[in-house]
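Q: Hey, could you walk me through this model? I'd like to start with the ligand and then look at the sheets.
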Amino acid sequence: MAHESSSGSTGSSSNSTGTSSGSAATTTTAAAASKNNKANKNAAISKATYDTWYVIAGVTGACMAVYLFSVANAWYIRRRVAAARRAGKAASPPAATTGASVSISRVPKALNAVFANIAYYRVWPLWIWSATSTAEWWWTWAYTGIVLGLGFWGCISNGKLDYANPMGYVAFGQIPLIVALSSRNNVLSWLTGISYEKLNYLHRASGRLCVLTTWLHTLGWFKKGLGKHGPGTNIFLTGMLAAVAALIMWLTSFALARKIAYEFFLISHITMGIIFIVGSYYHWPRLGEWCWVGLVIWAFDRVLATCRMMWVNKVWLMPFSSKRAAHSACTVELVDPDVVRLTVNRPNMKWSPAQHAYITMPGVATLRYEQHPMTIANIQSETGDVTFIIRAQTGFTRRLVHRLTEQKSSDINCYLDGPYGMSHGLNHYDSVILVSGGTGVTYGTAHLLSIMEGSRNATTAVSNCRLVWNVREAANVSWIAPMINEAVAKGLGQTRFHIDIYITRSAASDEPGTAHVAPIEDTATPEYSPSGSTENVNDKGSASSLGDEKYASIAGLSAEAAQLVSWHRGRSHIEGILRSDRSESATDGAGVAVACCGPSGLTLDARRAVCKVNSAGSILRGQNDVTFYSELFGW
Ligand SMILES: Cc1cc2nc3c(=O)[nH]c(=O)nc-3n(C[C@H](O)[C@H](O)[C@H](O)COP(=O)(O)OP(=O)(O)OC[C@H]3O[C@@H](n4cnc5c(N)ncnc54)[C@H](O)[C@@H]3O)c2cc1C
């Protein structure tokens, strides 16, 4: 996409042949100077593209340092607090919620909370920037500004703005980053600890930038005249092919297109991506190194995914029909008219809490080898069972439910590719609140089971852990009941566990990724006392009014597990729960963590609650700070 002008001084040197030797010498010198000038200009543009990569490397290095520090800090806190608890030392008491004096030594923590609230926890209103955090907004625009700024640097030559070639260089320079950010086996994720799904907004930002600069390059050349690179030439055809492929990629990647026809989006995106890279390479082979790097990153991701899939599913046993059935078998149970619990035995798969895996069911999917990401609801155990809870949508997941209801067949082969995503352990916090909606409980259950295991082995710093689950029916608790029953039967250790079930009876309000929040029937949301209260929100009064035993038996909970559960009507009041749990949290752990996976409405509620409670004033007065994590079922 970047090429030199076909007209101008290069041609003028031949026209001058035959004139006086003095004039010829002058022309030759001018041509040489012009060529030199152009070479310098191209070198400057090329350098600007490399400069972008120095910036990317610098930012990645800084994020890596922060990540390493936070991992080491979490490890140290968890070990220190767990050792103190094992030795029988009492937890440091919580700070008073009212009347406590301000401590200057807590200024860094308070500033950190203010920064986290503004940059990460608060999101922009949907109508301004589709529920994006300030940090995402900042990185998107900072990246766009830096790349365009460096690209336009040197565009002005001889008093004229000539952006055609610089923009071509910028487009080439984006290829490796776009590919790297789209891959599941993502080196940038491993270095920074930021999961590949969370980095997807930068994939989109660099993709948009690549489309924009490709077309600026194209239009720039049309404007200044194509000269000898006109229609019919190789450079023109390959350039137009790449530019049109980039445009199609952009047009088919809007959220609406992904929602309506995800598989079409995926296939067209990959096909157009390959056409763009190959077209760009043949358009201007001198910049082919960027294409090669992109292809190598893509191949690395695919080869690693294939090897992992072969290892997890023991693919080498597949040629033997007697072994194939056993090693691709799975248990599929319809636990609700629209929800399936899938259990796959894969002892070779090792994962951390709340990671996800891609499932493939060739006998169910329309395109045999479709892959669908699902969060793993349980934790690693000696049995090797991997459990998923899947809500039927309209495509593959709906076909799975049909297969069970209409064909009455659960004889299904399943292959797993995973685990993926960066798991953030919560075992170093003192108090953990897991807020879930519908099948988002997979994320909450995985963390709950991990903390239960940590408490049993006395390796966790968590003294209080609460699962808050907004769900349509009491019977829906049966989705997770076997996992909870099993964990409780093994013993719970010292940590206090609470499971608060909020029965919303709303079909549209409790699924992750649901943009629209429907009004909730029967919303007698439990009352919580004002800020600073130490009242226990796990109020058995409201529970018994719904009939604990009746619900526990509908849900299939064991008597021991039922002891942990409180039943409520309506939606959870996250701010009240958070205030109450924080006021009781000890100060020797890493504070309070709120981890949320649910529909947009629930996640927004949780974000608002965290921003309100995590105020600088309360932290200066000795209260614990609150860290917020959120997980969405989509990108
Ligand atoms: C990291 C992650 C974890 C998830 N965990 C769970 C879980 O534990 N339980 C659960 O029920 N759902 C989970 N999902 C959502 C689940 O992947 C989709 O609901 C499922 O792929 C829909 O398949 P479908 O063909 O029936 O969808 P459709 O009805 O065709 O589409 C429904 C929605 O799912 C999206 N979608 C479709 N196919 C894919 C795909 N291959 N990859 C990503 N998104 C897709 C579409 O964009 C659309 O928004 C998770 C998604 C992600 C990204």
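**Ligand site and sheets**

Q: Which backbone contact does G395 offer the ligand?
A: A backbone N or O atom of G395 sits 3.1 Å from an oxygen atom of the ligand. That is a polar contact, meaning a pair of N or O atoms within 3.5 Å.

Q: Before we go on, what kind of model is this?
A: This is a predicted model, where local features need pLDDT of at least 70, side-chain atom pairs count only at pLDDT 80 or more, and totals for chains, interfaces and linings use all residues. Residues are numbered from 1 along each chain as its sequence is written, and side-chain values use heavy atoms, with hydrogens and water left out.

Q: Cool. What do T394 and F396 do?
A: T394 has a polar side-chain atom 2.5 Å from an oxygen atom of the ligand. For F396, a polar backbone atom is 2.8 Å from a ligand oxygen.

Q: How much of the ligand does the protein bury?
A: The protein buries 90% of the 870 Å² that the ligand exposes when taken alone. Those areas come from the Shrake-Rupley method with a 1.4 Å probe.

Q: Which residues come nearest?
A: H372, P373, R391, T394 and T397, out of 23 residues around the ligand. A residue belongs there if one of its heavy atoms lies within 4 Å of the ligand.

Q: Which strand gives the largest share of that shell?
A: β6, with 4 residues. Strands here are DSSP runs of E, at least two residues long, and helices are runs of H or I, at least four, numbered from the N terminus. Elements that each supply at least two shell residues include α11 (262-283) and β7 (385-391).

Q: Switching topic: what's the order of the 6-strand sheet?
A: It is an open sheet running β12-β11-β10-β9-β13-β14, with parallel pairing. Two strands count as paired if DSSP finds at least two bridges between them. β12 (565-569) and β14 (626-631) are at the edges with a single partner strand each, so one side of each has no neighbour in the sheet.

Q: How many bridges link β9 and β10?
A: Strand β9 (residues 431-437) and strand β10 (residues 464-471) pair over 7 bridges. S431 has N464 in β10 as its bridge partner.

Q: And the 3-strand sheet, parallel or antiparallel?
A: Antiparallel, in the order β3-β4-β7. β3 (331-336) and β7 stand at its edges, each with a single partner strand, so one side of each lacks a neighbour in the sheet. Between β3 and strand β4 (residues 339-345) there are 5 bridges, and D336 is opposite V339 in β4.

Note on methods. A polar contact is a pair of N or O atoms within 3.5 Å; within protein, one must be able to donate a hydrogen and the other to accept it, and residues adjacent in sequence count only if both atoms are side-chain atoms.
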